[in-house]
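Me: I want to learn to read this structure step by step. Please take my questions one at a time.

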Amino acid sequence: MSESQATFQGANSPAQQMQNLLTRQRQQYQLNPMPSLSSRKQQLIELKKAILRNQDKLCKALDEDYGQRSQYDTLISDLLPAIAGLNYSVKNLKKWMKPSRRHAGLLLSPASVKVHYQPLGVVGIVVPWNFPVMLSLGPLTAALSAGNRAMIKLSEFTPKTNTVIREVLASVFTEDQVAVFEGEADIASEFTKLNFDHLLFTGSTAVGKHVMRAAADNLTPVTLELGGKSPVIIADDIDLDLAVERLIFGKCMNAGQICVAPDYVLIPEGKQQAFIEAYKKAFTKMYPKGVSSKDYSSVVNQRQFKRLRDWMADAQAKGASIIPAHASAIDDLQHRMVTHLIIDTKDDMTLMQEEIFGPLLPIIPYQSLDQAIQYVQARPRPLALYLMSMDPQIQKQVTEQCHAGGMCINESLLHVGADDAPFGGVGPSGMGHYHGKEGFLTFSKAKTVLKAGKFGTGKLVHPPYGKLVQKIILKTFMR
């Protein structure tokens with residue numbers, strides 16, 4: 001072991017500090033393994049109050065972390081979903097916590113069978129930089145609703161926001177209830193190696209694989225919220241202005257730095273140019289000053305900005321044409337760029353192989369709807385799928401034949417905001433669900449409890465075997 005590794009893993013190292021806190025939280029959990037409904041609701045209500053008290057500070061901090069982040073991007077995509085999730089959980093928690101009665105069946109009667117929802121213990125949450133408020137406090141809401149304690153690893157790319165999140169959580173919770181950690185990849189790696197009772201990770205597919213390997217050593221169950229290349233299928237029947245109106249919000253919110261942002265567009269042959277003109281018109285209406293528009297957010301940092309510039313250069317070198325959605329297209333100093341529409345793409349271009357996670361939008365023509373569906377089917381299953389069509393038959397066909405974590409028909413992004421519906425990926429775009437009731441279930445153990453009274457049927461099948469009553473039972477139920 002090198003000297004630096006020894007320092008990192010020593011008695012006072014970050015790794016040991018995280019382990020010590022996990023031990024403390026688990027000990028405290030054991031003292032109260034089934035928090036009451038009233039205590040859980042009180043935690044959620046106090047968390048909501050703390051977010052509302054600090055909403056201006058959170059908006060300002062995210063603006064500073066990004067260089068410019070639209071206040072409304074933060075309010076709509078970070079704070080509003082966090083508050084809505086808390087409200088929904090408080091409203092429904094009593095119903096979720098109630099043990100559910102199950103059918104015992106004739107063989108087990110007169111025993112009763114119920115499923116009790118028991119807290120798992122300590123939940124680990126790994127948070128990305130694109131929506132650090134929602135993607136920390138949203139999973140935390142689910143974990144607390146289920147009666148757990150939590151440890152949160154925040155992204156190193158949003159330090160000012162992290163400071164405010166720490167203040168918010170410290171005003172409501174002790175470290176024995178909710179603990180927060182920061183740091184770069186080495187801290188994140190050690191965090192995911194901890195023996196949590198459940199680990200939720202939001203981030204890239206590549207890093208998700210490492211997280212799952214780390215969790216496997218402890219047999220820690222994981223929920224992976226990843227991403228992938230979420231397609232938009234524009235059917236021949238839809239008005240292009242309407243299609244653009246519905247998808248452009250999803251592509252421009254947070255400058256496209258969203259795991260469910262439209263990644264590429266499949267459009268009928270011959271309609272590419274009309275789509276481009278419609279997109280440019282709509283973009284200019286939403287952001288009249290292009291990159292200088294106050295409502296348009298920056299790419300988070302120069303590292304991500306350079307990645308996007310490199311991918312555009314790679315595409316151009318391989319024959320693509322790139323059309324910015326506005327004349328004021330790029331600000332290198334402030335790492336800002338408008339949507340760049342990309343045509344004449346090839347599969348060997350980096351932006352056609354990797355999740356774009358930014359304001360680049362490839363446009364790919366197709367000859368028939370079946371061809372468009374086959375294009376989606378031939379690629380890794382995405383986190384989101386968007387269809388623009390008013391035709392019920394087309395809606396049915398695409399819904400049934402294409403896999404995705406979630407889907408919008410004639411909208412984009414908004415399915416993520418449905419409080420009473422699960423959110424999660426499939427295959428390379430993730431595993432497991434949370435939001436609403438599914439979040440409560442994810443962070444609970446559904447424990448079957450069979451309860452018998454003075455008279456029970458179990459003794460009827462006790463040895464010695466071959467008695468008449470056993471033969472009757474087998475003859476009755478084995479058919």
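Me: In which helix do Glu46 and Lys49 both lie?

Reply: Helices are DSSP runs of H or I with at least four residues, strands are runs of E with at least two, and numbering starts at the N terminus. Glu46 and Lys49 are 3 residues apart, about one turn of the helix. The helix with both of them spans residues 37–53 and is H3.

Me: What kind of model is this?

Reply: Residues are numbered from 1 along each chain as its sequence is written, and side-chain values use heavy atoms, with hydrogens and water left out. Local features need pLDDT of at least 70, side-chain atom pairs count only at pLDDT 80 or more, and totals for chains, interfaces and linings use all residues, since this model is predicted.

Me: How many Å apart are the closest N and O atoms of Glu46 and Lys49?

Reply: Side chains of opposite charge can pair when their charged atoms come close. A salt bridge needs a side-chain nitrogen of Lys or Arg within 4 Å of a carboxyl oxygen of Asp or Glu. Glu46 and Lys49 form one, and the closest N and O atoms are apart by 3.6 Å.

Me: How many salt bridges does the count come to?

Reply: The pair of Glu46 and Lys49 is one of them. Another joins the side chains of Glu190 and Lys193. By this rule the count comes to 16.

Me: Is Glu190 buried or exposed?

Reply: Under 20% relative accessible area is buried, over 50% is exposed, and in between is partly exposed (1.4 Å probe, protein chains only). Its partner Lys193 is partly exposed at 43%. Glu190 has a relative accessible area of 14%, so the term for Glu190 is buried.

Me: How many residues apart in sequence are the parts that Asp332 and Arg309 tie together?

Reply: The side chains of Asp332 and Arg309 meet in a salt bridge at 2.6 Å, N to O. Asp332 is in the loop between strand S11 (330–331) and strand S12 (336–337), while Arg309 is in helix H12 (residues 302–317), so the pair ties together parts whose separation in sequence, in residues, is 23.

Me: Which peptide bond is cis?

Reply: Most residues other than glycine have a negative phi, and most peptide bonds are trans. Pro110 sits in the loop between strand S1 (100–102) and strand S2 (112–119). With omega near 10 degrees, the cis bond runs from Ser109 to Pro110.

Me: Which residue in the loop between H13 and strand S14 has a positive phi?

Reply: The loop lies before S14 (360–366). The residue there is not a glycine, yet phi is about 55 degrees. At 19% relative accessible area, it is buried. It is Phe357.

Me: What is the volume of the second largest pocket?

Reply: Rolling a probe the size of a water molecule over the atoms shows where empty space is left. On a 1 Å grid over the protein atoms alone, a cavity is a set of points where a 1.4 Å probe fits but cannot get out, a pocket is an open set with protein on both sides within 12 Å along at least five of seven lines, and lining residues have an atom within 4 Å of a point. Points are joined across faces, edges and corners, and a volume is the space filled by probe spheres set on the points. For the second largest pocket, that gives about 720 Å³.

Me: Which helix gives the most to the lining of the second largest pocket?

Reply: Of the 35 lining residues, the closest to the centre are Ser77, Pro81, Met134, Val416 and Gly417. Helix H5 (71–97) and helix H6 (134–145) each supply at least two residues. With 11 residues, the helix that gives the most is H5.

Me: How many residues in the lining of the largest cavity are charged?

Reply: The largest cavity holds about 40 Å³ of space, and its lining includes Lys251, Asp263, Glu355 and Phe357. Ala, Val, Leu, Ile, Met, Phe, Trp, Tyr, Cys and Pro count as nonpolar, Asp, Glu, Lys and Arg as charged, and the others, Gly among them, as polar. The lining has 4 nonpolar and 3 polar residues, and its charged residues number 3.
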